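Q: I'd like a close look at one part of this protein, taken slowly and with its surroundings in view. Could you walk me through it?
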Amino acid sequence: MSQTTPTSSGNLLRRAIGLAVLAVAAVLFATTMCPGAYPGDSARLVVEQCGLDAFPALSHPIYGLMARAFADLPGGSLALRLNVVSVVFSAIAVWLVYLLTSRIQHNRTFEETMARFNAAHVQTI
């Protein structure tokens with residue numbers, strides 16, 4: 001038998017909200033994604049990560065490995081596939097920030113926080 005405790009239901013709620021945040025971020029990034037190489041950093045990254053540059057920079061190694069894996073997939077232009085990689089990574093980054101910030105303890109009231117801040121500030125003077 002499984003028991004439902006406040007902490008387990010809170011974790012379930014946090015996970016559900018986290019997945020919703022991930023989905024909203026993915027949809028938002030996908031709808032605003034450029035279908036081709038946008039002039040500037042986007043075009044430079046496409047050239048560097050696909051080995052088209054004679055002297056590629058040694059930056060973004062993990063992105064480069066994943067970009068090369070996604071570049072081999074069929075469908076769409078090369079720039080579109082790499083932009084999809086960026087959408088996926090961006091949505092995951094938003095999700096991870098949500099998970100990290102949701103674990104911060106929020107059990108202090110505003111008055112308690114201000115009292116502690118003022119007490120610490122007075123002690124340093």
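Let's start from one side chain: what does Phe89 count as, going by its relative accessibility? And please take me from there through helix α4 and its neighbours.

A: Happy to. The model is a predicted one, in which local features need pLDDT of at least 70 and side-chain atom pairs count only at pLDDT 80 or more, while totals for chains, interfaces and linings use all residues. Residues are numbered from 1 along each chain as its sequence is written, and side-chain values use heavy atoms, with hydrogens and water left out.

Phe89 counts as partly exposed, because its relative accessibility is 30%; the classes are buried under 20% relative accessible area, exposed over 50% and partly exposed in between, with a 1.4 Å probe and protein chains only. Phe89 sits in helix α4, which covers residues 78-102. Helices here are DSSP runs of H or I with at least four residues, strands are runs of E with at least two, and numbering starts from the N terminus. The protein has 5 helices and 0 strands.

Phe89 also belongs to a nonpolar surface patch of about 540 Å², together with Ile62, Met66, Val84, Val88, Ile92 and Leu96. α3 (61-71) and α4 are the elements that give two or more residues to this patch, and α4 gives the most, with 5 residues. A patch is built from residues with over 30% relative accessible area and no salt bridge, joining like charges within 9 Å and nonpolar side chains (Val, Leu, Ile, Met, Phe, Trp, Tyr) within 5 Å. A salt bridge is a side-chain nitrogen of Lys or Arg within 4 Å of a carboxyl oxygen of Asp or Glu. The areas come from the Shrake-Rupley method with a 1.4 Å probe, and for residues only the protein chains shown count as cover. One general point helps when looking at a helix: there are 3.6 residues a turn, so residues three or four places apart point the same way.

Now for the interior. The largest nonpolar core has 6 residues, namely Val46, Tyr63, Ala67, Ala79, Leu82 and Val85. Both α3 and α4 give two or more residues to this core, and α4 supplies the largest share, 3 residues. Such a core is a set of buried Ala, Val, Leu, Ile, Met, Phe, Trp, Tyr and Cys residues joined through side-chain atoms within 4.5 Å.

Val46 is one of the buried residues of helix α2 (residues 41-49), along with Glu48 and Gln49. What covers the buried residues of α2 includes α3 and α4. Leaving aside residues up to four places away in sequence, Val46 touches Leu78, Ala79 and Leu82, where a contact means heavy atoms within 4.5 Å.

Another neighbour is Met33, in the loop between α1 (6-31) and α2. Met33 is partly exposed, at 23% relative accessible area. Again not counting residues up to four places away in sequence, Met33 touches Leu80, Asn83, Val84 and Val87. Its C-alpha atom is 7.9 Å from that of Val84, although the two are 51 residues apart along the chain.

Finally, follow α4 to Ser102. Ser102 counts as buried because its relative accessibility is 18%. A polar atom of the Ser102 side chain lies 2.9 Å from the backbone oxygen of Leu99. A polar contact is a pair of N or O atoms within 3.5 Å; within protein, one must be able to donate a hydrogen and the other to accept it, and residues adjacent in sequence count only if both atoms are side-chain atoms.
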